[in-house]
Amino acid sequence: MDLDLILYFLNIPWVFLLWTTFLKSFIFLNLTIIVVSVTVFAERKVSAFIQDRVGPNRVGIPFTLIGGKKDSFFFGLGQMVADPIKLLTKENFVPGGVNKFYFWLAPKLVMIPPILVLAVLPFGSTLFGVEMTIANLNIGVLYIFAIASLSVYGITLAGWASNSKFPFLGGIRSSSQMISYELSMGLSIIPVFMICGSLNLNEIIDWQVVNGWLVSPFWPKGFSVGSLLHPADALHAFVAGVSLQRLLLWIPLLISFVIFLVSIFAETNRLPFDLPEAEQELVGGYHTEYASMNFALFFLGEYAAMFAGSGAIVSLFLGGWSCPLIPDGSHGWFWGLVNIGVFFVKVSLLLLFMIWVRWTLPRFRYDQLMKLGWLGFFPIALFNIFLTAVILALVRN
Amino acid sequence: MAIVVERPKLTLAEKFYLPAVLAGLAITWKHLKRAIFNKGIVTMQYPEEKWDANMPDWYRGAPTLVADEHGKDRCVACQLCEFICPPRAITIKPMEIPEGDKWRKVEKRPEEFDIDMTRCIYCGLCEEVCPEQAIYLRKDYSITGLNRAEMVHDKETLYKLGGVREGLVFKWNELK
Ligand code: SF4
Ligand code: SF4
């Protein structure tokens, strides 16, 4: 009787919406934080390997060497937990002479935008009929741009409030960096909207499920596990997937993809565009004066932004949660989970790529970045839009 | 005269950065692939593996005091090292050698000789300035302590680290 009542209550549409949204936010947020700490660990390991080192390998579980002097059993995986614990328990030192209010506010401003961006990312198809997007917004991509560009305020504010020259320079650089990439970033993905006809990330992904990932030149339409057994069917799917329009559209889409990818690097302050924190020139850049959890929030913000950025790239260009031969969530909860897994795998691969790039490239000077943004990407992105329009208008399927 | 260095002319491919970026990625990928399988790692696992055997003779480790073949202090407490030490790590309290002592003619020896290892910068000036060849920088580098007091080497520790040097020790010979 009681249970029935609760079930009835939970199924009232608005209550249902409320608790599923809360649950989704909770789970997605926690997954993100786990991904962030794994990414930090991966960053340290990959950087070590690229530089012919071993990287953190001592912290086992429970945080000591297991078996004496041998390398710990878990390849130092305990480091993922040890790092946050260290940051949490450190003294939160605030230097004198800072503008306290803004000094405390800045890390939060850096941290919040990437987490808000997560709200519109479709991280799975459906699970038990519930859509795996926290907020299915019609203006999804616009929302991402609007929110993501807010994090620059946090950085600038941190630089200004620290009352010290190095953070200040970092903050200034950050704003000059933003004006040089943000425009081309926005323009670069207009071809995507022209092709998919929607700003809603879910619809863009649905389009990609049917017509294939945007970065691919052709796509076997309606290809499934069943058609693997029938060569004729498979052949038919391949033939149906190849079209002149698609092949031509591949060029502007690849250009879009590259520009967007590079802009995401700039957006997340990753090398080769980490001008605001340029360690070699600015000590620690905008977070020079920060310690402990305040610093950790910047750190978390940066990695959460990487995650959100990768999520955006995956949703826009790489088919989101979809994967050929894997059905979506409407075929059962198992496939729903697999879809979520696919999304996270794609995002992780992109994160690894970002790390790999970081340890490969030297930093751009910021006049170079501005030149690249204004004289390189901006005209190319504009031209790209026209190219797409011409292809869409002249070449019909 | 000013020398003008011509900037190299960049080809179109170089101006676009991307080919160079890809080449760089290929290089780091090679290292990554090798290091994942534990090959080509150039670093050492410090406490287990040490470089001690390859330490050069001119290595400047912890400063120590040495005794001579009679077991007497070589140091005559002239305090030259105390004066020359740039970070003022050395504190010496000299004493007069009492009447009737076998080495009375030496006149002075240190009563206390402290080197603060939290200050020492391993510059070797003390070794260079010492007229009696009493102080030497040895190869000990792992100087640790749980507090500041433990990091101050007193006379006893310094002799323990330094040991005995016999005869006239030439500062610059291979024995050090
Ligand atoms: S090595 Fe240099 S710093 Fe150290 S005790 Fe000797 S003179 Fe002083
Ligand atoms: S160690 Fe050498 S320089 Fe220093 S007080 Fe003794 S004799 Fe003089």
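Visitor: Is W160(A) buried or exposed, or does it fall in between?
Guide: Buried means under 20% relative accessible area, exposed over 50%, and partly exposed in between, with a 1.4 Å probe and protein chains only. W160(A) is partly exposed, because its relative accessible area is 45%. This tryptophan belongs to helix α6 of chain A, residues 151-161; helices are DSSP runs of H or I with at least four residues, strands are runs of E with at least two, and both are numbered from the N terminus.

Visitor: How much should I read into such values?
Guide: This is a predicted model, where local features need pLDDT of at least 70 and side-chain atom pairs count only at pLDDT 80 or more, while totals for chains, interfaces and linings use all residues. Residues are numbered from 1 along each chain as its sequence is written, chains are lettered from A and ligands numbered from 1 in the order written, and side-chain values use heavy atoms, without hydrogens and water.

Visitor: Which residues form the nonpolar patch on the surface?
Guide: W160(A) joins F101(A), Y102(A), L105(A), F168(A) and I172(A), with about 580 Å² of accessible area together. Patch residues have over 30% relative accessible area and no salt bridge (a side-chain nitrogen of Lys or Arg within 4 Å of a carboxyl oxygen of Asp or Glu). Nonpolar side chains (Val, Leu, Ile, Met, Phe, Trp, Tyr) are joined within 5 Å, like charges within 9 Å. Areas come from the Shrake-Rupley method with a 1.4 Å probe; for residues, only the protein chains shown count as cover.

Visitor: Which helix gives the largest share of the patch?
Guide: That is α4(A), with 3 residues. Both α4 (100-117) and α7 (165-188) of chain A supply at least two each.

Visitor: And what is the secondary structure of chain A as a whole?
Guide: Chain A has 16 helices and 2 strands. Of its 397 residues, 51% are buried. The chain exposes about 18,900 Å², and carbon and sulfur atoms supply 75% of that area.
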